[in-house]
Amino acid sequence: MQAHTPVRTCVGCRGKEDHTKLVRLALEVLTSPGLVVPDWRRRKPGRGAWIHPDHACLQTALKRGAFNRAFRGRVDATSLAGLFAGHPDAPVLKTENESGSEI
């Protein structure tokens, strides 16, 4: 029997995908409330938004205001502008072995 793998929807292209192929974004609650940041380990509390690690999906989401809808309020997603653009400072998507405790 195969294990169940959660499916999430990309806020950019609206495509459904296995959650291991998407990046979770969350709100920073301690240092800069309202700032959208990548949640590489998928452990930050609160609502999350999921996106393909693709510059086109990110640009579509920013243009459509998808993050305001996903987080149900005004958020600052400007820090994400260069996330997948191939800049040297941009983090590389790493898929970690999941513990299986994610919902």
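This is a guided tour of a predicted model, moving from the whole chain to one strand, its salt bridges and the core.

Local features are reported only where pLDDT is at least 70 and side-chain atom pairs only at pLDDT 80 or more, while totals for chains, interfaces and linings use all residues. Residues are numbered from 1 along each chain as its sequence is written, and side-chain values use heavy atoms, with hydrogens and water left out.

Begin with the whole protein chain in cartoon view, where 2 helices and 5 strands appear in the order β-β-β-β-β-α-α along the sequence; helices (H or I, at least four residues) and strands (E, at least two) are DSSP runs, numbered from the N terminus. Of the 103 residues, 32% are buried, where buried means under 20% relative accessible area, exposed over 50% and partly exposed in between (1.4 Å probe, protein chains only).

Next select strand 3, residues 23-28, which is largely enclosed by the rest of the structure because 5 of its 6 residues are buried. Strand 3 pairs in the antiparallel sense with strand 5 over 4 bridges and with strand 4 (residues 35-38), also antiparallel, over 4 bridges; two strands count as paired if DSSP finds at least two bridges between them. Pick Leu-25 to see both pairings, since its bridge partner in strand 5 is Ala-49 and its bridge partner in strand 4 is Pro-38. Then follow the hairpin from strand 3 to strand 4, which has 6 residues in between, and stop at Gly-34 in the turn, whose phi is positive at about 95°.

Now show the side chains of Asp-39 and Arg-24, which meet in a salt bridge at 2.5 Å, N to O (a side-chain nitrogen of Lys or Arg within 4 Å of a carboxyl oxygen of Asp or Glu). Asp-39 is buried at 4% relative accessible area, and Arg-24 is buried at 9%. A salt bridge also joins Lys-44 and Glu-28, with their closest N and O atoms 3.5 Å apart. Lys-44 is partly exposed at 30%, whereas Glu-28 is buried at 15%.

Finally, select Val-11, Leu-25, Ile-51, Phe-67 and Leu-80, which touch the most other members among the 21 residues of the largest nonpolar core, a set of buried Ala, Val, Leu, Ile, Met, Phe, Trp, Tyr and Cys residues joined through side-chain atoms within 4.5 Å. Strand 3, strand 5 (48-51), helix 1 (55-64) and helix 2 (66-70) each supply at least two residues of this core. Centre the view on Ile-51, whose contacts (heavy atoms within 4.5 Å) beyond four places in sequence include Val-11, Leu-25, Phe-67 and Phe-84.
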